[in-house]
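Q: I'm new to this one and would love a close look at a single part of it. Could you walk me through it informally?

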Amino acid sequence: MSLASLIRERRTIRKFNQTPVAEELVVELLNEAAGLFPSSDTVIWRCLYAGTSESRTRLADYMLEQMTGSRLGKWIPGKMIELFKKRFTDIPGHVVVIAGTGPDRRASNRNYAAVCSILQNFQLLGWERQLGMLWDTEPMMQSEEFFKRIGVRENERFVGIIHLGYFDKAPRGRARTSAEKKWTVYTGRKA
Ligand SMILES: Cc1cc2nc3c(=O)[nH]c(=O)nc-3n(C[C@H](O)[C@H](O)[C@H](O)COP(=O)(O)O)c2cc1C
């Protein structure tokens, strides 16, 4: 497959099947993804991998703590919580991605952007191996309490969780906004 087709055809996968994913494959793809990112800086990042039933359940519980502990959360029916937990723990693997921060905003943003590029490479390399992924940054995983639970340190920034697994069916792609719609010719005149 050409690189352009790979980029065009990769889809976010939200429904995984139960085929187990080898942890070694995940590490191999992450290594390859990092190797494909050209950087003169050292990119600072690390991952936590939840690939066992126990660790997936623990991670789901940490996320649910934030949801059910909130003011509105106590009104969420127990059945819905159980369903969420089952869906989450049924997913074969979760890669929690954490980036380092730098001495200033620019350095932190550069490093964060580099980690995001590596993750996009990771998604593409996974797709080549029929491994589907969902890059998740939902609000329920954006609290200080959750970060504390998973061990995000002072000089680190939570990037997101990549849920992964094999899949039976890929969804259709969504329409994209054309570049022209995001394009303004700068005239130099005052706005
Ligand atoms: C930085 C980033 C954050 C994302 N966060 C979420 C998220 O919180 N929830 C979600 O359902 N999808 C999330 N996604 C997946 C996108 O919604 C997905 O890429 C989009 O629907 C386009 O689909 P495609 O990847 O199949 O082209 C995220 C993707 C990126 C790159």
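How far apart are the mean positions of the 30 positive and 21 negative charges of the protein? And after that, which residues of helix 4 are buried, and what covers them?

A: Keep in mind that this is a predicted model. Charges first: the 30 positive ones and the 21 negative ones have mean positions 9 Å apart.

Now a bit of setting for your helix. The protein has 6 helices and 4 strands, running in the order α-α-β-α-α-β-α-β-α-β along the sequence. Its C-alpha trace spans about 55 × 40 × 35 Å along the principal axes. Of the 191 residues, 38% are buried. Among contacts with a separation of 6 or more, 84% link residues 24 or more positions apart.

On to helix 4, which covers residues 78-90. With 13 residues at 1.5 Å each, you'd expect a span of 18 Å, and the end C-alpha atoms are indeed 18 Å apart, so the two agree. The buried residues of this helix are I81, F88 and T89. Look down the helix axis and those buried residues fall within an arc of 90 degrees, so they line one face of the helix. Flip to the other side and you'll find K79, M80, E82, L83 and R87 exposed.

So what sits over the buried residues of helix 4? The cover includes helix 3 (53-68), along with strand 2 (93-100) and strand 4 (156-166).

Methods. Residues are numbered from 1 along each chain as its sequence is written. This is a predicted model: local features need pLDDT of at least 70, side-chain atom pairs count only at pLDDT 80 or more; totals for chains, interfaces and linings use all residues. Side-chain values use heavy atoms; hydrogens and water are left out. Helices (H or I, at least four residues) and strands (E, at least two) are DSSP runs, numbered from the N terminus. Buried means under 20% relative accessible area, exposed over 50%, partly exposed in between (1.4 Å probe, protein chains only). Contact means heavy atoms within 4.5 Å. Lys and Arg count as positive and Asp and Glu as negative; His and the chain ends are not counted. The place of a charge is taken as NZ of Lys, CZ of Arg, CG of Asp or CD of Glu. The expected span of a helix is 1.5 Å times one less than its number of residues. The arc is that of the directions from the helix axis to the C-beta atoms.
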